[in-house]
Amino acid sequence: MKSMVEVNHFKMAFSGKTLIKDLSFTVGKGEIFGFLGSNGSGKTTTIRALLGFYEPTGGELLMDGKKFNPEDSDVTVGYLPEERGLYRKETVMDNMLYFAELKKLQNAREWILKYLKRVGLADKADQRVDKLSGGQQQKIQLGITIMGDPKLLILDEPTKGFDPINRRLLMDIIDEHHAKGASIIMVTHYMDEVERFCDRALLLKDGTARAYGTIKEIKREFGGKSLDQIFVDVYGENHEQ
Amino acid sequence: MSSKTIQVAKYEIVRQLKKPAFWAATLLIPALIGVLYFIVFVSSNGVNTEPKFDENTKIAISDEAGILSGQVPYLTTESKEQNIEKLEKGELDLYYVIPKDFPENKKAEFYHISEGLEVFNNDGAILKRILSQDVSARVDDLDALVLTGEYEVTDHKLAKDGTDANVLGKAIIPLFVGAVFFMFVALCGNRFLLTVVEEKENRISEMILTSISSKHLIVGKIVALLILGLVQITVLVVPILVMVFLNRDQGFLASILGMIEVDPLAVTLSIILFVASAVFYAGMCTFVGALVSTARDASSFIGPAIIAMVLPLYFMQMFMATEPNTIVQVFTYFPITAPIALMLRNGFGTISVPEFCIGTSIVIVSAVVAIRLAVKTFQKNAINFGVAKPKFMRKR
């Protein structure tokens, strides 16, 4: 399988404190990859380094063989970051249209209305974002993330704060994009999501990969335990979940 | 310009133009000017700025010094007390006394019934006119002309090479451009500072920077803000120009307008400098905005930023000198003070074209550097939502 993402001996230190010691992994094209770890283990830092927000202390992070540049890359990226935000004083439609234009989405208004209808927000198109609930804002963000069918979706805790119905809706949307051939990196603390969706996964601990491979391989390595149990075993009882 | 830069600029312009706050800020100053003009216009109708002197005016003059000829019709032999009583009864409008010691003290007296607050009452000047006319009648025409001073002295300022200098006339347009730049600095600074803070405050910078590079985002925002600044300045300047046009024939304004001389070189250089300075100021404010993480942090910079830019105005006298001193030289070539310093020197005609070009080049290079710094800083600080303050601003 060709690699969509390639991380080689990535190291990251902040003010002399090493967060990532030596991390290497790949994400194949069309693969759903679970990027797991306790809070503060360095998952978001790795993603931010991959997207060029951080300059790595060592190693390289490549997307389709190149460093990521939003305007000089063959890979279109949809990123749902851990930090959630939109232009709060603008309407839903204005927010989405702006991103649609930046992503050069054709028939943008039509696409947005269709998406809003699907996620139950058709009547909110002209409402200001700050009048929406947190979950509704998250759906708007997801819509912006998947606009234009990006080749790589990076979802940092996409279902955080969603009720089961909306969680299922989101999972359906992820499924659809996977079926279209998108590669997906999913950061989550829900092991059932990992078991259901991910082809492969990586457990990040102490700045290195504690476990890495297909879900079957990881389970085998831990004596056939469930992913939930493996997570507890790896991060111990004291992790700050 | 890239299509994404244009998209950013378009988005920023449209959403600013939709904000009532933008139009409130834009229209506030012209509205205030209009109100002020209206008040002055209305009140000036009731203000006596010219002496009231016609055939119906009842005047009396007590010439105790005996300097008037017998031909003056207003002379009275009644006592001061009697004349004041006549004033009180309305039998007199104006009463003047030329005391005995007038030749030594050079002081005459003027009595009239007060009509309230009369800041501009000039009726005292009527006595001067009567005295002047009386003396003029006793000498020949030429002496009378000299005595009354009713002649003009035309001012011809020459440059060292003998040509007409007209320094003030040539300075008016460049100084007007400088004044417009000052308004631009004062009006737009806050918006420039806040423009990139919004992405951080709304925690949207990560999403946006996976769709567009920080370079195109920042440049797009700066383009938008410059256009919006131009809109605000136009709204502000056009009513002023209209008022000037409507009052073009009135005294002082007419003489100022008559003096204006368009020096194409100075005007062209002023416009080039204005554009470069505006871009530099926008870049500098955006850089500061990229450094901090909240609107409150950014707002604390606006005062110092404006003061730094307009600092040369406090030393304006020095900029009029043909030979610039060290302070003027430093201000001329120091990037932050250079825009206003160059505009002043260009206006007063105290800078040579090569010097001006060097100064303008410094501003242009500084603008490019400021924008590059803003781009780099925004990219670096885009995700430091809570701690993106410079070290000196962080709480210990």
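At what angle do helix α7 and helix α16 of chain B pack? Keep that in mind as you open the model, which is a predicted one. We will start in chain A, cross to chain B, and settle the question at the last stop.

**Stop 1: the two domains of chain A**

Select chain A and colour it by domain. The domain assignment gives domain 1 as residues 1–76 plus 149–241, and domain 2 as residues 84–148. Between the C-alpha centres of these two domains of chain A you will find 26 Å. Where they touch, twelve residues of domain 1 of chain A are in contact with eight residues of domain 2 of chain A. Highlight α5(A) here, since this helix gives the most to the domain 1 side, with five residues. That side of domain 1 of chain A divides into seven nonpolar residues, four polar and one charged.

**Stop 2: a hairpin at the start of chain A**

Next, select residues 3–28 of chain A. Strand β1 (residues 3–14) and strand β2 (residues 17–28) run antiparallel, joined by eight bridges. Look for A:Phe14, which stands opposite A:Lys17 in β2(A). The two strands form a hairpin with two residues between them. In its turn, A:Ser15 has a positive phi of about 50 degrees.

Now add residues 58–63 of chain A, which are strand β4. Five bridges join β4(A) to β1(A), and this pair also runs antiparallel. To see one matched pair, show A:Lys11 and, opposite, A:Gly58 in β4(A).

**Stop 3: the six-stranded sheet of chain A**

Hide the hairpin and bring up the open sheet of six strands, whose order is β5-β6-β7-β3-β8-β9 in chain A, with mixed pairing. Which strands stand at the edges? They are β5 and β9 (208–214) of chain A; each has a single partner strand, so one side of each is left without a neighbour in the sheet. If you look from strand to strand, neighbours in this sheet are turned against each other by 15 degrees on average, direction ignored.

Zoom in on β6 (residues 152–156) and β7 (residues 183–187) of chain A, which run parallel and are joined by five bridges. There, A:Leu152 stands opposite A:Ser183 in β7(A).

**Stop 4: two helices of chain A**

Keep the sheet visible and add helix α4, residues 134–146 of chain A. This helix lies across β5 and β6 of chain A, running at about 165 degrees to β5(A).

Then add helix α5, residues 164–179 of chain A. The axes of α4(A) and α5(A) are 12 Å apart, and the packing angle is about 0 degrees. The two helices are therefore roughly parallel to each other. Show side chains for A:Gly135, A:Leu142 and A:Ile146 on α4(A), and for A:Asn166, A:Leu170, A:Ile173 and A:His177 on α5(A), to see which residues make the contact. By class, this contact has four nonpolar residues, three polar and no charged.

**Stop 5: where the chains meet**

Show both chains. Their contact takes 23 residues from chain A and 18 residues from chain B. On the chain A side, β5 (77–80) and α2 (92–102) each supply at least two residues. Helix α2(A) gives the most, with five residues. The chain A side has twelve nonpolar, two polar and nine charged residues.

**Stop 6: chain B and its small set of strands**

Colour chain B by its assigned domains: domain 1 (59–148) and domain 2 (159–393). Their C-alpha centres lie 57 Å apart.

Within chain B, find the open sheet of three strands, in the order β1-β2-β3 with mixed pairing. Strands β1 (59–63) and β3 (109–111) of chain B are at the edges. Strand β2 (residues 94–98) of chain B pairs with β3(B) in the antiparallel sense over three bridges, and B:Tyr96 has B:Phe110 as its bridge partner. Helix α3 (residues 80–89) of chain B lies across β1, β2 and β3 of chain B.

**Last stop: back to the question**

Select residues 167–194 and 338–348 of chain B, which are α7 and α16. Here is the reply: they pack at an angle of about 160 degrees, with their axes 7 Å apart. That makes α7(B) roughly antiparallel to α16(B). Their crossing is left-handed. Among the residues that meet are B:Phe181 in α7(B) and B:Met343 in α16(B). The contact has ten nonpolar, three polar and no charged residues.

Terms used
Residues numbered from 1 in each chain as written. Chains lettered and ligands numbered in written order. Predicted model: local features only at pLDDT ≥ 70, side-chain atom pairs only at ≥ 80, totals over all residues. Axes fitted to C-alpha atoms, helices over the stretch in contact; angles between N-to-C directions. Helix = DSSP H or I, 4+ residues; strand = E, 2+ residues; numbered from the N terminus. Parallel < 35°, antiparallel > 145°, perpendicular 65-115°, else oblique. Contact = placed C-beta atoms within 7 Å. Nonpolar A, V, L, I, M, F, W, Y, C, P; charged D, E, K, R; others polar. Left-handed = near helix turned anticlockwise from the far one by under 90°. Domains from an automatic or database assignment. Pairing = 2+ DSSP bridges.
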